[in-house]
Amino acid sequence: MNAPLWQPDDNSQHTHLAAFWQQARSNSGLPLTDYQALHRWSVEQPDAFWQQVWDHCGVVGRPGDTVLTPGERFQDARWFAHGELNYAENLLKRNDTHPAVVSVLEDGSRSVISYAQLRVAAGKVAAQLLAAGIQPGDRVAGFMPNRTETLIAALGAAWIGAVWSSCSPDFGVSGVLDRFGQIEPKVLLACDGYHYNGKWIDLGERIDALHDALKPELLIVVPGRGDSSSVPRALIWGTWLEAAGPAPDFMRLPFDHPLFILYSSGTTGQPKCIVHGAGGTLLQQTKELRLHGDVRHTDTLFYFTTCGWMMWNWLICGLHTGATLVLYDGNPAYPDTGRLFDLIDAEKITHFGTSAKFVQAVEKSGLRPRDSHDLGTLRTLFSTGSPLLHESYDYLYQQVKPSLLVSSISGGTDIISCFALGNPMLPVYRGELQCLGLGMDVAVFDDDGEALADSKGELVCRSPFPSCPVSFWNDPDGQRFHAAYFARFEGIWAHGDYAQLVPHDSHQGLIIHGRSDAVLNPGGVRIGTAEIYRQVETLAEIREAIVVGQQFDGDVRVVLFVVPADGVELDDALQARIRKAIRQGATPRHVPAVILPVPEIPRTVSGKIVELAVREVIHGRPVTNRNALSNPQALAHFAHRIELET
């Protein structure tokens, strides 16, 4: 077994997790000698575990006398069925002058708001929404950049039990309507522009079109520059807030009352509208932030995200810890890849979150943050969005900070949280997610539904968990919901990841090999796409890549598309190096039959590559929802390239 890249020191005994662990020993009367035992207790005794999470993390509200009420099906389980809480009340329980949110925009603008000021501002939103007749369950939608006003509006909506849903402003009108058009928001909050890559992006025309199509009862515009906006028919954010009356009381509602609506990527059809409950979201995320992330009230938490990715919802729950949040809106690599590392030093960030692709981009740019930046406050780096390459672990420990806790985490929009997480009390191994999340009965199944100890298979969850979605919007009989997660293994949540457990003496690590619906199957051998990306994307000549399986001569052949680095030609010699790297680093089965150059890789607006859409294109099948892509024009390159090789 490889030696750990990082080991916990004596300070790990002073973490939130250590205190929780000791409390679990006391409450259960069990020795719980290692993390494996603690995790087993957390899934075998869900009532005791989740009640302890509620108490230990200081959830404000009334839990009631029942934690878990099993249902006929997995998704029918009820959590804290007699409990009541309010999400905004919990995030705003700290009410002092400590900085709650620092907002930094690409153009250098910076603002700070304290917990007390944040509470006042969110209370004004709540008062104005109530005055406009907004009721619990009504939808409030945000077409917004990642800035303080977005957070204030979301908290104001949650204050009165309204349901918040957001899209980032890089969505086109059709993409927004594919989402908001399904949920029919009564209120639309929009910013009239934002900065990206050194340019001002005006959103006035898009807002007009959205207003005409959605016909919300209220249109509120946040001016992106100055205090006024030219968007017609709109209330101006500052003026609207100034007219607010006294803040209403927090509306405590049932544990599973809808809080957020998030959306699937929608690359193969209209996006699914995933409804998440207030209690499950809060309980699950505060568990992850406090216990697995060890975020404290003195810390500063950052995650690079837009308001169209679930990590924004995850980030804002950091307020429940009492920490300071840093929001950033703009290109994370403008004017260069050192921008976010500058932010770490300037804002004294302790917990820094990003995507695996960003880590790769920084490495390929040649930046060595260890030499160019101080990073003295940085303790933890979170990474998600796609598997973190083994070589990226090396880069982070060699060129960023040797004492860093690298927490590669994995879950998804579907559960607004994670199945696998970091852990301040366990070692970090190259290429592995540290551990399974507490309370999450995670396993890996083969095609027959049998659990695998250390082989590749389907990532599943065998028991209910609080952040299971409440429902899909407009799915009255629950058929689409059932088909999405429970059709593969009856009564078992199948997540759609191709994964592998890694046994250790004290716990289980996890490796994600890619999405299971994108698994390649040449000659009947299942291959995870991440296994190929790991080899290809370490080559300096390749900027990025995408790999798919193509039906060919009665079998499946592996087709690799690459974007060469600037000035590099995909000649025979480079193709040979790529094939050699894959053969030596993986197996001969992984070696692509065809390697083709393309100028760009299609991505969703949240930055994820879309293997399924490329697979459809190369087979001549339509991609039904190109609005979900940030660069739909990229698909044409794949249709053209494969025609040349067929």
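**View 1. Lining of the largest cavity in the predicted model.** Two strands each supply at least two residues of this lining: strand 14 (253-254) and strand 15 (258-263). The cavity holds about 60 Å³ of space. Leu 85, Asn 86 and Tyr 87 are among the lining residues, as are Ala 158 and Gly 161. Met 251, Leu 253, Pro 254, His 257, Pro 258, Leu 259 and Ala 278 also line the cavity. By class, the lining has nine nonpolar residues, three polar and no charged. The count for the model comes to four cavities of 30 Å³ or more.

**View 2. The second largest cavity and its nonpolar lining.** About 50 Å³ of space lies here. The lining consists of Val 125, Leu 129, Val 140, Ala 153, Val 187, Leu 189, Ile 220, Trp 237 and Trp 240. Helix 5 (115-131), strand 9 (187-191) and helix 9 (237-242) each give two or more residues to the lining of this cavity. The class count is nine nonpolar, with no polar and no charged residues.

**View 3. Asp 192, a buried acid without a salt bridge.** Asp 192 sits in the loop between strand 9 and strand 10 (193-196). The nearest side chain of opposite charge belongs to Arg 225, 6.7 Å away. A salt bridge requires a distance within 4 Å, so this pair does not qualify. What does the side chain of Asp 192 reach at 2.7 Å? The partner is the backbone nitrogen of Gly 224.

**View 4. The second largest pocket.** The volume of this pocket is about 430 Å³. It is lined by 26 residues. Closest to the pocket centre are Gln 75, Ala 77, Pro 469, Val 470 and Ser 471. Three strands give two or more residues to the lining of the pocket: strand 3 (78-79), strand 16 (273-277) and strand 27 (471-472). The lining divides into 13 nonpolar, seven polar and six charged residues.

**View 5. Helix 19 (residues 611-618), largely enclosed by the rest of the structure.** Why is helix 19 described as largely enclosed? Six of its eight residues are buried, so the rest of the structure largely encloses the helix. Glu 611, Ala 613 and Val 614 are among the buried residues. Glu 616, Val 617 and Ile 618 are buried as well. Gly 620 follows helix 19 and has a positive phi, near 75 degrees.

Conventions: Residues are numbered from 1 along each chain as its sequence is written. This is a predicted model: local features need pLDDT of at least 70, side-chain atom pairs count only at pLDDT 80 or more; totals for chains, interfaces and linings use all residues. Side-chain values use heavy atoms; hydrogens and water are left out. Buried means under 20% relative accessible area, exposed over 50%, partly exposed in between (1.4 Å probe, protein chains only). Helices (H or I, at least four residues) and strands (E, at least two) are DSSP runs, numbered from the N terminus. On a 1 Å grid over the protein atoms alone, a cavity is a set of points where a 1.4 Å probe fits but cannot get out, and a pocket is an open set with protein on both sides within 12 Å along at least five of seven lines; lining residues have an atom within 4 Å of a point. Grid points are joined across faces, edges and corners, and a volume is the space filled by probe spheres set on the points. Ala, Val, Leu, Ile, Met, Phe, Trp, Tyr, Cys and Pro count as nonpolar, Asp, Glu, Lys and Arg as charged, and the others, Gly among them, as polar. Lys and Arg count as positive and Asp and Glu as negative; His and the chain ends are not counted. A polar contact is a pair of N or O atoms within 3.5 Å; within protein, one must be able to donate a hydrogen and the other to accept it, and residues adjacent in sequence count only if both atoms are side-chain atoms.
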